[in-house]
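Q: Could you take me through one part of this structure slowly, namely its largest pocket, and then show me how that part sits within the rest of the chain? I am a first-year student, so please name each piece as you come to it.

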Amino acid sequence: MDVDWAELRRRCVVLEDTAVLALNKPAGISVTGERHDSDIVEAAAAAGETLYPVHRIDKVTSGLVLLAKELAAHGQLTRQFNKQTAEKAYLAIVESTGLPDRGVIDLPLSAGRKNRVRIAAQRESIRTAADRWFVDAADLLDTKNYPSVTRFVTVHRADAHTVLALRPITGRRHQIRVHLAWIGHPIVGDPLFDKSGRHERTYLHSWQLGLAAPWRIPPQLALTAAPGQDFWQPLRAEQPDVESILGRADELLHDA
């Protein structure tokens, strides 16, 4: 996909100051480093603007992307992601029902065939107790694995779908997508697990970011990017009250 940087910047900016630029990225556009695709960093560079990605979200994911305009801010911000002190919240629509009001997915990740991210254990060894999904240490595969934890709250239940607000405590590649799919609740339209092509996009959205920002007064970034109307497509038949859903998600996440 070719990226019109000037138009994307104008339409998607959430916050900009001397040090950072935050965008509400549409689904289908890469942040950086995708083979055979234009991406945000490349498109900005072609227009004469140098940006340094503070973090990445998948091409199929919409929502908040934070980019630094200077290296000093980039270092301060990326360290918070590396130390897992950055607060992140996502919204997802899963093609299933039956999830509890809140839960914790505590499943280590590893790389399988063709470097595909997977749970570092056999699916049948995943256990559930007190709304926590986990595997016993004895059931882990004999391969390098990475502790990975995702917390979620259920914010809306429909006949065939559920809307979740999620906090990835760790920040592994594809973490939310793999965690939800392996416990039997895949995200609607996720091409990692649904090859049907029935859906226009993947219904995962980077919704909120909170980080320390010493150059600002007060010294913090508290960012929110509401999903566009296209995000609510799986629920269109019931005409959901989006503002009510988002308000409930915000309340429940901050109570968790």
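A: The largest pocket is lined by 30 residues, and those lying nearest its centre are Arg56, Ile57, Asp58, Arg173 and His174. Before going further, please keep in mind that this is a predicted model, and that every value below is computed from it. Three elements give two or more residues each to the lining of the largest pocket, namely helix H3 (71–82), strand S5 (87–94) and helix H4 (175–182). Of the elements, H4 provides the largest share of that lining, with three residues. The volume of the largest pocket is about 930 Å³. If we sort its lining by class, we find 10 nonpolar, 11 polar and nine charged residues.

Since H4 has come up, it is worth pausing at one residue of this helix, Arg177. Is Arg177 buried or exposed? With a relative accessible area of 5%, Arg177 is buried, because the cut-off for that word is under 20%. Leaving aside residues up to four places away in sequence, Arg177 touches Asp58, Val60, Ile187, Asp190, Pro191, Leu192, Phe193 and Leu204. Two names in that list deserve a second look: Asp58 is one of the residues nearest the centre of the largest pocket, and Leu192 is one of those nearest the centre of the second largest pocket. Ile187, another residue that Arg177 touches, is 10 residues from Arg177 in sequence, and their C-alpha atoms are 6.6 Å apart in space.

This leads on to the second largest pocket, which holds about 400 Å³ of space. Its lining consists of 14 residues, and Arg113, Asn115, Arg116, Val117 and Leu192 lie nearest its centre. H4 appears here as well, for both strand S8 (117–119) and H4 supply at least two residues of the lining of the second largest pocket. By class, this lining has five nonpolar, three polar and six charged residues.

Returning to the largest pocket, two of the elements in its lining, H3 and S5, are joined by a loop in which Gln84 has its place. The backbone at Gln84 has a phi angle near 65 degrees, which is a positive value in a residue other than glycine. Gln84 counts as partly exposed because its relative accessibility is 40%. A second residue with a positive phi is Ala130, where the angle is near 55 degrees, again in a residue other than glycine. Ala130 lies in the loop between strand S9 (127–129) and strand S10 (132–134), and at 79% relative accessibility it counts as exposed.

Another backbone detail is the cis peptide bond that joins Ile217 and Pro218, with omega at about -5 degrees. Pro218 belongs to the loop between strand S13 (204–212) and strand S14 (220–224). Beyond S14, in the loop that runs between this strand and helix H5 (242–255), we find Gln233, which counts as partly exposed at 29% relative accessibility. Gln233 and Tyr203 are 30 residues apart in sequence, while the distance between their C-alpha atoms is 8.8 Å. For another pair we can turn to Ala45, whose place is in helix H2 (residues 40–46). Ala45 is partly exposed, with a relative accessibility of 48%, and its C-alpha atom is 21 Å from that of Ser62, a residue 17 places away in sequence.

Finally, we can step back to the whole chain, which contains five helices and 14 strands. Its radius of gyration is 18 Å, close to the 18 Å that the globule rule gives for 256 residues, so the chain is as compact as a globular protein of that length. Taken along the principal axes, the box filled by the C-alpha atoms is roughly 50 × 45 × 40 Å. Of the 256 residues in the chain, 51% are buried, and Arg177 is one of these buried residues. Among contacts between residues at least 6 apart in sequence, 65% join residues at least 24 apart. The chain exposes about 12,900 Å², of which carbon and sulfur atoms supply 47%.

Definitions and conventions: Residues numbered from 1 in each chain as written. Predicted model: local features only at pLDDT ≥ 70, side-chain atom pairs only at ≥ 80, totals over all residues. Heavy atoms only, no water. 1 Å grid on protein atoms, 1.4 Å probe; cavity = no way out; pocket = protein on both sides within 12 Å on 5 of 7 lines; lining within 4 Å. Points joined across faces, edges and corners; volume = space filled by probe spheres on them. Helix = DSSP H or I, 4+ residues; strand = E, 2+ residues; numbered from the N terminus. Nonpolar A, V, L, I, M, F, W, Y, C, P; charged D, E, K, R; others polar. Rg over C-alpha atoms; globule rule 2.2 N^0.38 Å. Buried < 20%, exposed > 50% of the residue type's maximum accessible area, 1.4 Å probe, protein only. Contact = heavy atoms within 4.5 Å. Areas by Shrake-Rupley, 256 points an atom, 1.4 Å probe, with all protein chains shown as cover.
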